[in-house]
Amino acid sequence: MKLRQSLWVLMSSVLLLFSGCDHPASWGGTAPQESQEPDYVSFFGADTVHDIYIELEEGDWQEILEDPEAKEYKIANVTIDGTTIETVGVRTKGNSSIRMANRNDSDRFPLRIKFDEYVKQQTFLGLDELELNNSTDDASFLREYLGYAAFRQLGMDVPYVNFCNVYINGELLGLYIGVEAIDNSFLDRAFGNHQGNLYKAEVGATLEPEMDLDLLEQKKGQDVEKNDLTELIEILEETEPGQKGELESILDIDSVLQYMAVNAVIHNWDDYAGQFAQNYYLYLDDSIFHMIPWDLNEGFFQTQAYYEESDGARQDISTPITGDSTLEARPLVHKVLAVPEYYRQYLAYCDTLAQWLEDVLANELEPLKELIEEDVKEDPTKFTTTVEFNWQFIDSNSYGLAGFIKERVEYLKEALPGLLEQNPA
């Protein structure tokens, strides 16, 4: 295991110890109960690059390489920082990230480790499932890391993230982004239970009346008829714009506002409000749906194929709608942000994040770069070059991570004061 102590105390807080920001109690629900953090939280420290060794039967690894889109679990032994967990499940995951590897004729597929796939209740320090993301579209290796950190800045419980060098049968595959999966251990940590209905949004999960409910894949829960989703969609449809209606009876409004604010501020085009209406979870806890973010690697970009040319770091912050999506086609945005009280809180969250981004640019990026730069240099399968990695941290490069953050902060400091004045508390 490679340990690098950061020069900055703040860097650790980016991921783990954000102080609680002032924000209203969750509209429509109660805040998650405080509980002892599970042991695996120590695995997600901000000053460590971890080593993960995955040992598979050679034939099983070849099957994965020949058909990565099959996403079939194979039996493996996994050693993390010297601790071995035997008979765990390993498979590929994702869609575009798999296609990216295929296009590059690369073995750098995103992976999922499920510690309890074959041995019931087996975990790694209490963690039941770990995602290993391959940094598709991210020469900085930091976009997903910072995206989840932004949610933590607002006080939201979201997956923990770290950096891992992944080895397959002794051979270095590359530097991956480790993400706490949305599974039992996360739900227990964030909500104190995992008995509620959990849904994962696929492409097209707009929550419009005509939406196919199958686009919200049920991961957990007993309500296989999805009556709770039907009720949510009906309430959204029946709520008059500008009125709360029954929204608080079924939605944790604060989690929805935090989801919208972070994705808007980091300019993430691949979320509910974007082109594809995906990459979120809904968890029903005590009859209230909570929104959980997922897959943030497309944030902090100037442009993408699904954007107008005028977008980018100056993307309109007044609503989180991007690309070809519209308010009418995103009823969760339309009906929630039409309520003046909710809209003011959305803007307040955006303002908090703008100030945080300014601090990230000044104090966080360079230490994070120093933490991973040697591992990026030694990464044999990365999709970009080490030179491109270094360009990400030059703030005069508007298409890099630092350049985007600099321009985004400048835009937000221009736009938000006027919006906040127009919508006083």
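**Exercise 1. Find how exposed Asp137 is, and describe its backbone.**

Step 1. Asp137 has a relative accessible area of 34%, so it is partly exposed (buried means under 20% relative accessible area, exposed over 50%, partly exposed in between, with a 1.4 Å probe and protein chains only). A word on the source: this is a predicted model, in which local features need pLDDT of at least 70, side-chain atom pairs count only at pLDDT 80 or more, and totals for chains, interfaces and linings use all residues. Residues are numbered from 1 along each chain as its sequence is written, and side-chain values use heavy atoms, leaving out hydrogens and water.

Step 2. Now place Asp137: it sits in the loop between strand S6 (129–133) and H4. Helices (H or I, at least four residues) and strands (E, at least two) are DSSP runs, numbered from the N terminus.

Step 3. Check the backbone. Most residues other than glycine have a negative phi. Asp137, however, has a positive phi, near 60°.

**Exercise 2. Is Phe141 buried or exposed?**

Step 1. Phe141 lies in the loop between S6 and H4, and its phi is positive too, near 65°.

Step 2. With a relative accessible area of 3%, Phe141 is buried.

**Exercise 3. Describe how H4 and H9 pack.**

Step 1. Two packed helices are described by the angle between their axes and the distance between the axes. For helix H4 (residues 143–153) and H9, the angle is about 135° and the axes are 12 Å apart. Axes are lines fitted to C-alpha atoms, for helices over the stretch in contact, and angles run from 0 to 180 degrees between N-to-C directions.

Step 2. H4 and H9 are therefore oblique to each other (under 35 degrees is roughly parallel, over 145 roughly antiparallel, 65 to 115 roughly perpendicular, the rest oblique).

Step 3. List the contact (heavy atoms within 4.5 Å). H4 contributes Tyr145, Leu146, Ala149, Ala150 and Gln153, while H9 contributes Leu353, Trp356, Val360, Leu365 and Leu368.

**Exercise 4. Which residues touch the most other members of the largest nonpolar core?**

Step 1. Start with the term: a nonpolar core is a set of buried Ala, Val, Leu, Ile, Met, Phe, Trp, Tyr and Cys residues joined through side-chain atoms within 4.5 Å.

Step 2. The largest such core has 96 residues, and Ile317 and Tyr346 touch the most other members. Helix H9 (residues 340–378) gives the most to this core, with 16 residues.

Step 3. Look around Ile317: not counting residues up to four places away in sequence, its contacts include Tyr346, Cys350 and Leu412. Cys350 counts as buried, at 0% relative accessibility.
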